[in-house]
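User: I'm new to this one and would like a close look at a single part. Could you walk me through the sheet and the loops around it?

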Amino acid sequence: MSGHFTTHFDESGDIDHSDQSSQINEQTMVELRQIAARYPQARSALLPMLHLVQSVDGRISPKGIEACAELLDITTAQVSGVATFYTMYKRRPAGQHHVGVCTTALCAVMGGDALIAHVQRKLGIGVDETTADGKISLERVECNAACDFAPVMMVNWEFMDNMTPEKADELLDALANDEEVHSSRGARITSWREAERVLAGYPDGRSDEGPTAGEASLLGLRIAEENGWRAPDPDSVPAPAPEEEAK
Ligand code: FES
């Protein structure tokens, strides 16, 4: 019996070497060195360094790969291997705002599949594409651990909960018109590049904005409080017998 495997990771592939453009400058190199210096083993800094590259170049650029390899004394192949493994790293320029729609099981059955089809029609682009004006890029994302707010969308990695096609229209129109947009549980939406700079370890001062937990996540806590339920005190839990520990 033969079958066909269909991947939703349309971004799979190598770094785009046909586009050699880059805005990485001496200041970027200083910041890349700062990030590397934060770690006892410098190469542990590669992930945040790649986020800084994206904040500058809007993607993982060939020059960004070379800069990381040079500063960490590793090969460009090793850097490319990491950059092409994680879907948060983009081989083509993301839009001013990067939108994700979760279509993993729970979001899918709660409307995520219909939502991503609607967003594609609305924007006139496919998954892993960017609108012609560079405003919005679209990605199909895997479970965001926000299933209690399904279906969820993300804008520049911030949560937009309990989405519907109508709410998606309002959101996308607001982003396209540069209106202020607030995440359901998080900060005001900045640009994707600014968000990438935060992920590189340069805070923008917005981490305390907005609610960090929503009602659906807190419901279990409230029920436990009403019933006087408490988690066991770890110190009062007897240690396992040696033979159990060995199993
Ligand atoms: S399935 Fe979408 S957040 Fe978990």
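Analyst: Sure. Keep in mind that this is a predicted model. Start at Asn-156, which sits in the loop between strand 3 and strand 4 (158-160). Asn-156 isn't a glycine, yet its phi is positive, at about 50 degrees. Is Asn-156 buried or exposed? Its C-beta has 25 other C-beta atoms within 10 Å, and the cut-off for buried is 20 or more, so Asn-156 counts as buried.

Go past strand 4 and you reach Asn-162, in the loop that leads to helix 6 (165-176). Asn-162 also has a positive phi of about 50 degrees without being a glycine. Here 17 other C-beta atoms lie within 10 Å, so Asn-162 is partly exposed.

Now step back to the loop between strand 2 (136-141) and strand 3 (153-155), where you'll find Pro-151. The peptide bond joining Ala-150 to Pro-151 is cis, with omega near -5 degrees.

As for the sheet, it's an open one of 4 strands in the order 2-1-3-4, with mixed pairing. Strand 2 and strand 4 are at the edges with a single partner strand each, so one side of each has no neighbour in the sheet. From one strand to the next, the twist averages 25 degrees.

Strand 1 (residues 97-102) runs parallel to its partner strand 2, and the two pair over 6 bridges. One bridge links Val-101 to Arg-140 in strand 2. Helix 5 (residues 105-123) packs on the sheet and touches strand 1 and strand 2. The direction of helix 5 makes about 145 degrees with that of strand 1.

Terms used:
Residues are numbered from 1 along each chain as its sequence is written. This is a predicted model: local features need pLDDT of at least 70, side-chain atom pairs count only at pLDDT 80 or more; totals for chains, interfaces and linings use all residues. A residue is buried if 20 or more other C-beta atoms lie within 10 Å of its own, exposed if 12 or fewer, and partly exposed in between; C-beta atoms are placed from the backbone. Two strands pair if DSSP finds at least two bridges between them. Axes are lines fitted to C-alpha atoms, for helices over the stretch in contact, and angles run from 0 to 180 degrees between N-to-C directions. Two residues are in contact if their C-beta atoms, placed from the backbone, lie within 7 Å.
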